[in-house]
Amino acid sequence: MAMPFYVAPEQFMKDKADFARKNIGRGRPLVATVYSTGVLICAENSSRSLHKVSEIYDRIAFAGVGKYNEFDQLRVSGVQHADIKGYQFSREDVDARSLANLYARYMGNVFTHEMKPLEVEILVAEVGAQPGEDQIFHILYDGTVVDEDRFTALGGEAETITARLARAYKAEWSLGDALKASVHALTGGERELSSRELEVAVLDRGNGRRAFRRVLEAEVAELLAGKQPAAVEAGT
Amino acid sequence: MTLPMFPPGNDPGPNFNEVLHRLGFGPFPGSGPSGAPGAPARSGGLPSGPGMLTAPGGGEGRGPAAPFQVTHGTTICAVRYGDGVIMAGDRRATSGSAIAHRTMEKVHAADTHRGVAIAGAAGPAMEMVRIFQLQLEHYEKVEGQALSLEGKANQLSQMVRANLGMAMQGFVVVPLFAGYDLRRAKGRIYTYDPTGGRYEETDYHADGSGGRDARTTIKLGFTDDMSREEGIDLCVRALWQAADEDSATGGPDAVRGIFPTVATITAQGFERVPEAEVAQAFGRVISHLSSAEVNRTPPPVDPDEPDQGRPSKAPASKAAATRATAARKAK
């Protein structure tokens, strides 16, 4: 009978973590930050149809980097969970914290027990009723949850990007300022990112029950150019 | 709770009703082939037999009904007009011959540009509306784009059909679905029968116990491309006539300030007509009807007919007799 080779648990976990980190780092990053009336999520994504940022529930959004099929399955599960919870109890009872914990539990479980860890990092954001009540949860491939209340970055070079965003961040800044700073944080000022290559979405307090809204290419271009688009002034 | 995770070969996809069923919460049987064996219709659990009481509304001809009185919602209607569709419904719910609720809402927004109105057993009907709303939103979120108007109408048809077992026992739900088709830029109306049959109407429809009276009124008053005010007036008139003929349909309640629900669905979306505007429309209908009543010429009375012992009518008969005599003299 062939004996399996002994691998130390430390080595085993380290190998898995390196594998996940390497593959996540290859993907393009995204940033999320709070602004005066909600949460902005800005991703580098040249595809118009394969989204990295999506709606989960009334006040909750999801974003993922890494392997598309893996974070998309997590997204669908999140929508199913949220809709069922809202159906069973009430729409008010669906919150980002409990969803983030469920994601963390699932991802941690996969990391520990499966051959291959998930090659994704995800973000769960919730817009609060008042400024200062917004929540951003950043969940790593091994199930680690990081709770942020101002901004975060996911994917390759996340630390550099977070540092750039930290320098630019101002409390209660406008959507335009937040978007410009986010794009600058993504590029570091070394390259140009056109509105065509960005996927931008917001959770806005002024949007009614479903706070999620995709900011379309034309509006992104206007915001980056410094103009205030009509839609934003109207609070929609 | 755990995160729902389905294996690739057994994924319910964007169907929320199916997700509910896989997890054991669904009130309506799943529509897919996998939903059928695992989830028996709940109607099987209800006792039924010849010895049971029949619901007063059910009648003898319809087979065994629920062993208790079911709360029913009544008249709903939808009319196409220039900008889209107007939907309206009365507010009364009945339980047998008693009024169960005076303020029930039967017209609901299904999503931004679609509305659904319900008639029939109130409990399953409200549940159906709720799941239908969730279903449309769930599909949109999972798939990243909304269903077509026809796709939504078909979804509702499947839910009504899934309720057939319950319908056989007296819990009939008949929805009315209307929406603004953004691709074709026009209002569209879909009607259903209790077996899930789905029919598209070109101009108008009304359902529920007072539906027949409402339909007749709309038929007589309908014209193509009505204005918003004309459309609202027509719906209000139809509900008035339905309430006039059908005891289960509620009219405007001036004492409590309760008026039927009226909503417009246009390119701008589903919008409730403010209650004050509905009250005004009722005011116009009432003044029109009562002036018609006042100016009505009384039918001629035959002077030779013996007085039937109604002293209060005597002066009227005498006056009529005088008129008849005057007429004869004039000849």
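The paragraphs below lead through a predicted model, beginning with the contact of its two chains and then turning to a sheet, a core, a pair of helices and a buried strand.

Where chain A meets chain B, the contact draws 15 residues from chain A and 15 residues from chain B. On the side of chain A that touches chain B, helices α2 (68-88) and α3 (96-113) of chain A each supply at least two residues, and α2(A) gives the most, with ten residues. Sorted by class, this side of chain A holds seven nonpolar, five polar and three charged residues.

Chain A also contains an open sheet of five strands, which follow the order β3-β4-β5-β6-β7 and pair in the antiparallel sense. The strands β3 (53-57) and β7 (145-148) of chain A stand at the edges, and because each has a single partner strand, one side of each is left without a neighbour in the sheet. From one strand to the next the twist averages 20°. Helix α3(A), already met as a contributor to the side of chain A that touches chain B, packs on this sheet as well, where it touches β4, β5 (120-126), β6 (135-139) and β7 of chain A, and its direction makes about 0° with that of β6(A).

Looking at one edge of the sheet, the reader will find that β3(A) is joined by four bridges to strand β4 (residues 60-66) of chain A, the two running antiparallel. Within this pairing, Glu55(A) stands opposite Ala61(A) in β4(A). Leaving aside residues up to four places away in sequence, Ala61(A) touches Ile41(A), Val53(A), Ser54(A), Glu55(A), Ile56(A), Ala125(A), Ala201(A), Leu203(A) and Phe212(A).

Ala61(A) leads on to the interior of the model. In soluble globular proteins, nonpolar side chains tend to be buried together. The largest nonpolar core here has 138 residues, and those with the most contacts inside it are Ile41(A), Ala61(A), Val124(A), Ala125(A), Cys77(B), Ala78(B) and Cys235(B).

Chain B is built with nine helices and 13 strands, and of its 331 residues 42% count as buried. Among the contacts in chain B with a separation of 6 or more, 62% come from residues 24 or more positions apart.

Two of the helices of chain B, α6 (residues 211-221) and α7 (residues 228-245), pack at an angle of about 145° with their axes 8 Å apart, and their crossing is right-handed. From α6(B), the residues Asp213(B), Ala214(B), Thr217(B), Ile218(B) and Gly221(B) meet a set in α7(B) that includes Leu234(B), Arg237(B), Ala238(B) and Leu239(B). By class, this contact of α6(B) with α7(B) has six nonpolar, three polar and three charged residues.

The last stop is strand β12 (residues 261-266) of chain B, and one may ask how many of its six residues are buried. Five of the six are buried, so β12(B) is largely enclosed by the rest of the structure. With strand β3 (residues 84-89) of chain B, β12(B) pairs in the antiparallel sense over five bridges, and in this pairing the bridge partner of Ala88(B) is Val262(B). Four bridges join β12(B) to strand β13 (residues 269-272) of chain B, again running antiparallel, and here Thr264(B) stands opposite Glu271(B). Together β12(B) and β13(B) form a hairpin, with two residues between them.

Terms used:
Residues are numbered from 1 along each chain as its sequence is written. Chains are lettered from A and ligands numbered from 1 in the order in which they are written. This is a predicted model: local features need pLDDT of at least 70, side-chain atom pairs count only at pLDDT 80 or more; totals for chains, interfaces and linings use all residues. Two residues are in contact if their C-beta atoms, placed from the backbone, lie within 7 Å. Ala, Val, Leu, Ile, Met, Phe, Trp, Tyr, Cys and Pro count as nonpolar, Asp, Glu, Lys and Arg as charged, and the others, Gly among them, as polar. A nonpolar core is a set of buried Ala, Val, Leu, Ile, Met, Phe, Trp, Tyr and Cys residues joined through C-beta atoms within 7 Å. A residue is buried if 20 or more other C-beta atoms lie within 10 Å of its own, exposed if 12 or fewer, and partly exposed in between; C-beta atoms are placed from the backbone. Axes are lines fitted to C-alpha atoms, for helices over the stretch in contact, and angles run from 0 to 180 degrees between N-to-C directions. A crossing is left-handed if the near helix is turned anticlockwise from the far one by less than a right angle, and right-handed if clockwise. Two strands pair if DSSP finds at least two bridges between them.
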